[in-house]
Amino acid sequence: MFSTMYSTLCRVSNKQELIVSPIIAVAYSLQSGSPMAGAGGRTRMDRKTFLRMEKNRNKLEAIRAAYDSDLSRIFTSSSIFNAALLDLPIRMGRPIKPEVLPPRAAGNIELLKIPNFFHLTPQKVRRDANALRDLCSRWPTKVKDRPIRLYSRNYLYAGPSVAHPKSHTVKLEVKVCDLPLNEDARKQLKALAGRYYNAKSDILTLIGNKCPTRKQNREHVMYLLTALIMESTKSTKVN
């Protein structure tokens with residue numbers, strides 16, 4: 001975006017001022033907080049401001065060249081922004097006054113809170129995909145339909161911990177007609193399941209969220225299903 005704005009400069013005048021396009025005027029006004037106007041209503045920029053923006057443009061072009069070569073060799077994993085490794089002209093934070101710009105990237109504490117994805121360059125993704133291709137196999141075509149379905153969710157969010165509080169929840173769904181039970185056992189299982197059984201869709205739903213890990217909740221819902229099947233197959237004698 002910055003390179004596009006810089007490339008719209010028109011020409012240099014004899015008075016050491018630059019006649020610029022409106023998009024440059026908007027960018028300058030947003031960065032400096034003051035409008036940029038000259039005589040006759042033409043938008044102008046002084047030499048000092050132009051040199052500063054030209055310096056930033058050269059930095060961005062160098063960064064783009066590094067990204068095209070392979071920036072993942074500098075950023076090996078997801079991490080916070082480091083202005084010493086990647087000098088981007090960005091600002092972040094709440095300004096003290098409305099006319100004051102947010103703090104710069106160097107030494108900015110706000111940038112330490114958010115991880116970035118500078119390591120996921122196209123070259124990095126292509127290299128990892130080629131490395132994993134030999135370990136993958138085609139999905140088998142002759143696969144029988146499995147009645148038991150387990151659902152879990154992975155969350156990506158900005159928080160103090162990587163593990164989301166709801167990521168350990170596991171949901172099990174199975175149709176009662178697919179279970180190896182006779183008619184009497186199915187009726188007894190429906191009575192034992194209660195509100196966890198949906199009569200319209202004939203689906204039994206079990207949710208495990210009591211244990212701290214997803215593996216434990218998966219084993220817990222499988223244990224509940226086994227216990228329901230075992231209890232429903234027991235014959236009761238009525239005196």
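**Group meeting talk: strands, a core and a few side chains**

Let me begin with one pair of residues: Lys175 stands opposite Ile203 in β7. Before I go further, please keep in mind that this is a predicted model.

That pair belongs to a bigger ladder, and I'd like to stay with it for a moment. Strands β5 and β7 run antiparallel, with 6 bridges joining them. β7 has a second partner as well: strand β6, residues 197–198, is also antiparallel to β7 and is joined to it by 2 bridges. In that pairing, Tyr197 has Leu204 of β7 as its bridge partner.

Now, what sits between β6 and β7? The two strands form a hairpin with 4 residues between them, and Asp202 lies in that loop. Have a look at its backbone: phi of Asp202 is near 60 degrees, which is a positive value in a residue other than glycine. Is Asp202 buried or exposed? Asp202 counts as buried, because its relative accessibility is 17% and the limit for buried is under 20%.

Let me step back to the whole chain. There are 6 helices and 7 strands, and from the N terminus the order is α-β-β-α-β-α-α-β-β-α-β-β-α. The chain has 239 residues, and 27% of them are buried. Among contacts with a separation of 6 or more, 57% join residues 24 or more positions apart.

On to the interior. The largest nonpolar core has 15 residues, and those touching the most other members are Leu172, Val174, Leu189, Leu204, Leu206 and Leu225. Which elements give two or more residues to this core? They are β5 (170–175), α5 (183–193), β7 (203–208) and α6. Apart from this core lies another one, of 8 residues, including Phe75, Ala83, Ala105 and Leu111.

Leu204 is a good residue to click on here. We met Leu204 as the bridge partner of Tyr197. Beyond four places in sequence, Leu204 touches Leu172, Glu173, Val174 and Val176, then Leu189 and Ala193, then Tyr196 and Tyr197, and finally Leu225 and Leu228.

One name in that list is charged, so let's follow Glu173. This residue lies in strand β5. Glu173 counts as buried because its relative accessibility is 16%, and the cut-off is under 20%. Its side chain makes a polar contact with the side chain of Lys171, at 3.5 Å. Setting aside residues up to four places away, Glu173 touches Pro147, Ile148, Arg149 and Tyr151, together with Ile203, Leu204 and Thr205.

Lys171 has another interaction worth showing. Its charged end sits over the ring of Tyr151, 5.4 Å from the ring centre. Tyr151 is also one of the residues that Glu173 touches. And while we're on rings: how many aromatic pairs does a search of the whole structure find? The count is 0.

Next, helix α6, which spans residues 214–233 and includes Arg214. Arg214 counts as partly exposed because its relative accessibility is 22%, and that class runs between 20% and 50%. Which side chains does the side chain of Arg214 meet in polar contacts? One is the side chain of Ser152, at 3.5 Å, and another is the side chain of Asn154, at 2.8 Å. Arg214 and Ser152 are 62 residues apart in sequence, yet their C-alpha atoms are 8.2 Å apart in space. The fuller contact list for Arg214, beyond four places in sequence, is Ser152, Arg153, Asn154, Ser167, His168 and Val170.

I'll finish with another residue of α6, Ser232. Is Ser232 buried or exposed? Ser232 is buried, with a relative accessible area of 2%. Where does its side chain reach? It reaches the backbone oxygen of Ile229, at 2.8 Å. Leaving out neighbours within four places in sequence, Ser232 is in contact with Leu181, Ala185, Gln188, Leu189 and Leu192. You'll recognise Leu189 there, one of the core residues that touch the most other members, and also one of the residues that Leu204 touches.

That's my tour, and thank you for listening. If you'd like to retrace it, start again from Lys175 opposite Ile203, follow β7 to its pairing with β6, and end at Ser232 in α6.

Conventions: Residues numbered from 1 in each chain as written. Predicted model: local features only at pLDDT ≥ 70, side-chain atom pairs only at ≥ 80, totals over all residues. Heavy atoms only, no water. Phe/Tyr/Trp six-rings, centres within 6.5 Å; stacked < 30°, edge-to-face > 60°. Lys NZ or Arg CZ within 6 Å of the ring centre and 35° of its normal. Buried < 20%, exposed > 50% of the residue type's maximum accessible area, 1.4 Å probe, protein only. Contact = heavy atoms within 4.5 Å. Polar contact = N/O pair within 3.5 Å; in protein donor to acceptor, adjacent residues only side chain to side chain. Core = buried A, V, L, I, M, F, W, Y, C linked by side-chain atoms within 4.5 Å. Pairing = 2+ DSSP bridges.
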